[in-house]
Amino acid sequence: MLKPGTSVPDFTLNDVNGKTVSLSDFKGKKVVLQFWASWCPDCRAEMPLIKSMQAQSDPSEIVFVAVSFDRSEEAFSSYVTKNDLKGVQLYDPAGMRDSAIAKSYKITWIPSLYLIDEKGKVMLATVVADKLAEAVADLK
C-alpha cells in the first residue's frame, strides 16, 4: 500500500447511478477510501463498522468513497442497494487484478482502506477496519 505522506493518484470512475466522479473532486476534505467487492467475505464483514464511521462523521469534513472491484455491475449495484450503503459508491469494472487504480494504490488484498488528508496525501493505509475507525475517531 502507499506510505503515509504519499500523494494519492487521482482516478475517475462511475458511481452507482452512472455519474462520473473523480477522487480530486473531494480535495479540501478528508477522505476515507475503501477498496472492496461484494464477493469478498472480509469486505462484507467490515461494512457495519464502515457504516457506523459514516454515521458518526461530519460529511462536510470527511467523505467516504468506496471503489468496488466487482466484475459485474449488477452485483455491485444490487449489493449497494440491498445494504443501503451510503457515501460515494464507485465501480471499477476491471476487477482488482486488472485495475490500473488497484496497481497505482498498490492494492494486493481487499478490503484495503486509506485515510487521506485535505491535500490528497495518505494519512493511514491499512487492511484493518478497526485501525481506520480509531484514526477517524481521533480526527474529532
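This text walks through a predicted model, from a helix pair to a cavity, then to some backbone details and two contrasting residues.

Start with the helices. Helix α1 covers residues 41-56, and helix α5 covers residues 129-138. Their axes come within 10 Å and cross at roughly 5°. Angles under 35 degrees count as roughly parallel, so α1 is roughly parallel to α5. On the α1 side, the contact involves Glu 46, Leu 49, Ile 50 and Met 53. On the α5 side, the partners are Ala 129, Asp 130, Leu 132, Ala 133 and Val 136. Sort the residues of this contact by class, and seven are nonpolar, two are charged and none is polar.

Ile 50 leads on to the next feature. This α1 residue meets α5, and Ile 50 also helps line the largest cavity. How many cavities of 30 Å³ or more does a search of the whole structure find? The search finds one. The volume of the largest cavity is about 40 Å³. Its lining consists of Val 32, Gln 34, Ile 50, Gln 54, Phe 64, Val 65, Ala 66, Lys 86, Val 88 and Gln 89. Four elements each give two or more residues to that lining: β3 (30-36), α1, β4 (62-68) and β5 (88-91). Which of the elements gives the most? Strand β4 does, with three residues. By class, the lining has six nonpolar residues, three polar and one charged.

Stay with strand β4 for a moment. Ile 62 lies in this strand. Its relative accessible area is 7%, so Ile 62 is buried. Buried means under 20% relative accessible area. What does Ile 62 touch, not counting residues up to four places away in sequence? The contacts are Lys 30, Val 31, Val 32, Ser 57, Leu 115, Val 136 and Leu 139. Two of these names have already come up. Val 32 belongs to the cavity lining, and Val 136 is one of the α5 residues that meet α1. Asp 130 is another residue of that helix contact. Between the C-alpha atoms of Ile 62 and Asp 130 the separation is 17 Å, with their positions 68 residues apart along the chain.

Ala 55 offers a contrast in accessibility. This residue sits in helix α1. Its relative accessible area is 68%, so Ala 55 is exposed. The C-alpha atoms of Ala 55 and Trp 109 are 26 Å apart, and the two residues are 54 apart along the chain.

Now look at the loops. The one between α4 (100-104) and β6 (112-116) contains Pro 111. A cis peptide bond joins Ile 110 to Pro 111, with omega about 0°. The loop between α4 and β6 also holds Lys 106. Lys 106 is not a glycine, yet its phi is positive, near 55°.

A second residue with positive phi lies in another part of the chain. Asp 84 is found in the loop between α2 (73-82) and β5. Its phi is about 50°, again in a residue that is not a glycine. Is Asp 84 buried, exposed or partly exposed? At 43% relative accessibility, Asp 84 counts as partly exposed. Strand β5, which follows this loop, brings the path back to the cavity, since β5 is among the elements that give two or more residues to the lining.

Conventions: Residues numbered from 1 in each chain as written. Predicted model: local features only at pLDDT ≥ 70, side-chain atom pairs only at ≥ 80, totals over all residues. Heavy atoms only, no water. Axes fitted to C-alpha atoms, helices over the stretch in contact; angles between N-to-C directions. Parallel < 35°, antiparallel > 145°, perpendicular 65-115°, else oblique. Contact = heavy atoms within 4.5 Å. Nonpolar A, V, L, I, M, F, W, Y, C, P; charged D, E, K, R; others polar. 1 Å grid on protein atoms, 1.4 Å probe; cavity = no way out; pocket = protein on both sides within 12 Å on 5 of 7 lines; lining within 4 Å. Points joined across faces, edges and corners; volume = space filled by probe spheres on them. Buried < 20%, exposed > 50% of the residue type's maximum accessible area, 1.4 Å probe, protein only.
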